[in-house]
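Colleague: I should like to go through this model with you and ask, for each term you apply, what supports it. Please set out the reasoning in each case.

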Amino acid sequence: MRFAKLVPTLVLVGFVVMACGGSGNGGTTPKKIALLLPESKTARYESKDRPFFTDKLKALCSDCQLIYSNANQDAPTQQTQAEAALTNGANVLVLDPVDGAAAAAIVAKAKAKNVPVVSYDRLILGTADLNYYLSFDNAAVGALQGTALLTALNGKANASVVMINGDPADNNAKLFKQGAHSILDGKVQIKKEYDTPSWSPDTAQKEMAGALVALGNKVDGVLAANDGTGGGAIAAMKAAGVKPLPPVTGQDAELAAIQRILAGDQYMTVYKAIKAEAEAAATLAYDLATGTAVPTSMTNGKTVNNGAKDIPSVLLTPVAVTKANIKDTVVADGFWTKADICTADFATACTAAGIS
Ligand code: BGC
């Protein structure tokens, strides 16, 4: 799904239209909360993170204002958007950084204005001024992908694997890669491995096409870091006439990926409960903006070091999804409904997977 053309640079959403000069909350100024997301080629941000965050914030605080922007995978754009949010009077930044290291400069600008920053999904590196980090256990995501790939390879000797990793500027990509290597190294032959700038599915497709040429189409498995790159790898294999397709991993439980799994084109994805992540972020942002003490149960003392400091952290648990448990994971959780998944082309596969 591509939303790039539909996404305005910065959107200011007031949940309540203020009555002539009235504040609506007893004379105090309504709080402004900025949500800064990194890109729009990956479906989750516009279709899940943004609406879940918006709805939760609205429920917590009917007169809060949400300042929303999407950087379309450009770090300088994100810096400008963050500065605009601060100029606009944002009381807290919830920032999913395009570039984890570069985003430390945003934290410094926020700190200068006493505005707390929550590192959302991706860790902001090398700054002691970051307030919170809220994400999934990302090394576990890579380990789930590696473990599923080994299961699919079913002990095949000397299996040839291609690894399509994510954007090296994203700390998550590093963790996914480490997690996958921790499972695969010594058990399969990793014949080709690529980092994929900007997580671009088109680049992933080119990387896979190159690997197929180099390996004479002999690939037993593909460790793709997310559904976008997995989709690119599958497209390259189809174009090169690879049949049957080898097992391919993914992440995000995108609708297109769930349907590819049903069709047998993709082996697995990783479901991350984005609703829980976005709602926890909205709750944390609300507490920080209003000066409410953050309950200790939020982090339970958990921290993650970002190279400068142990940052109080919330890490949610990812879940591996194959054809066998689509029904008990993404459908049971309401992430996708049966109607979303089981369109005419997938009706038979849905019945076979027990989703009908
Ligand atoms: C996120 C993934 C996403 C990827 C590309 C990662 O940081 O955790 O869910 O697929 O970025 O946007």
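Colleague: Which residues come nearest to the ligand?

Modeller: In this predicted model, the ligand has 14 residues around it, of which E39, Y45, D121, D170 and D252 come nearest. A residue is counted here because one of its heavy atoms lies within 4 Å of the ligand.

Colleague: What makes the approach of D252 to the ligand a polar contact?

Modeller: A polar side-chain atom of D252 is 2.6 Å from an oxygen atom of the ligand. The limit for a pair of N or O atoms is 3.5 Å, so the pair of D252 qualifies. For N226, a polar side-chain atom lies 2.9 Å from a ligand oxygen, and this pair therefore also meets the limit. In T42, a side-chain N or O atom is 3.5 Å from an oxygen atom of the ligand.

Colleague: How much of the ligand's accessible area does the protein cover?

Modeller: On its own the ligand has 310 Å² of accessible area, and the protein covers 100% of it.

Colleague: Where does the ligand sit, and which elements give two or more residues to the shell around the ligand?

Modeller: The ligand is placed in the largest cavity. The term cavity is used because a 1.4 Å probe fits at its points but cannot get out. Helix 1 (44–60) and helix 5 (171–184) are the elements that contribute two or more residues to the shell.

Colleague: Let us turn to the cysteines. How do you know that C61 and C64 form a disulfide?

Modeller: The S to S distance between C61 and C64 is 1.7 Å. A disulfide requires sulfur atoms within 2.5 Å, so C61 and C64 are joined. The link of C61 and C64 is right-handed, with 85 degrees about the S-S bond, and both C61 and C64 are buried.

Colleague: Why is the disulfide of C342 and C350 called left-handed?

Modeller: The bond itself rests on an S to S distance of 2.0 Å between C342 and C350. The torsion about that S-S bond is about -95 degrees, so the disulfide of C342 and C350 is left-handed.

Colleague: Why does C342 count as buried?

Modeller: Buried means under 20% relative accessible area. C342 has 18% relative accessibility and therefore counts as buried. C350 has 0%, so C350 is buried as well.

Colleague: How many disulfides does a search of the whole structure find, and what pattern do they follow?

Modeller: The search finds two disulfides. With bonded cysteines counted along the chain, the pattern is 1-2, 3-4.

Colleague: Now the backbone. What is the peptide bond from K243 to P244, cis or trans?

Modeller: That peptide bond is cis, with omega near -5 degrees. P244 belongs to the loop between helix 7 (227–239) and helix 8 (255–263).

Colleague: Why is N158 called exposed, and N217 partly exposed?

Modeller: N158 has 56% relative accessibility; the exposed class starts over 50%, so N158 belongs to it. N217, at 31%, lies between the limits of 20% and 50% and therefore counts as partly exposed. N158 has a positive phi, near 50 degrees, and is found in the loop between helix 4 (138–153) and strand 7 (160–164). For N217, phi is near 65 degrees, a positive value in a residue other than glycine, and N217 is located in the loop between helix 6 (201–214) and strand 9 (221–224).

Colleague: What makes A159 a buried residue?

Modeller: A159 has 0% relative accessibility and so counts as buried. A159 is in the loop between helix 4 and strand 7. From A159 to V219 the C-alpha distance is 7.8 Å, with their positions 60 residues apart in sequence.

Colleague: Is N165 buried or exposed, and why?

Modeller: N165 counts as buried because its relative accessibility is 2%. N165 occupies the loop between strand 7 and helix 5, and its side chain makes a polar contact of 3.5 Å with the side chain of D195.

Colleague: What lies 2.8 Å from the backbone nitrogen of T322?

Modeller: A polar atom of the side chain of N325 lies there. N325 is in the loop between strand 13 (319–321) and helix 10 (327–331).

Notes
Residues numbered from 1 in each chain as written. Predicted model: local features only at pLDDT ≥ 70, side-chain atom pairs only at ≥ 80, totals over all residues. Heavy atoms only, no water. Buried < 20%, exposed > 50% of the residue type's maximum accessible area, 1.4 Å probe, protein only. Polar contact = N/O pair within 3.5 Å; in protein donor to acceptor, adjacent residues only side chain to side chain. Areas by Shrake-Rupley, 256 points an atom, 1.4 Å probe, with all protein chains shown as cover. 1 Å grid on protein atoms, 1.4 Å probe; cavity = no way out; pocket = protein on both sides within 12 Å on 5 of 7 lines; lining within 4 Å. Sits in = over half its atoms within 2 Å of the grid points. Helix = DSSP H or I, 4+ residues; strand = E, 2+ residues; numbered from the N terminus.
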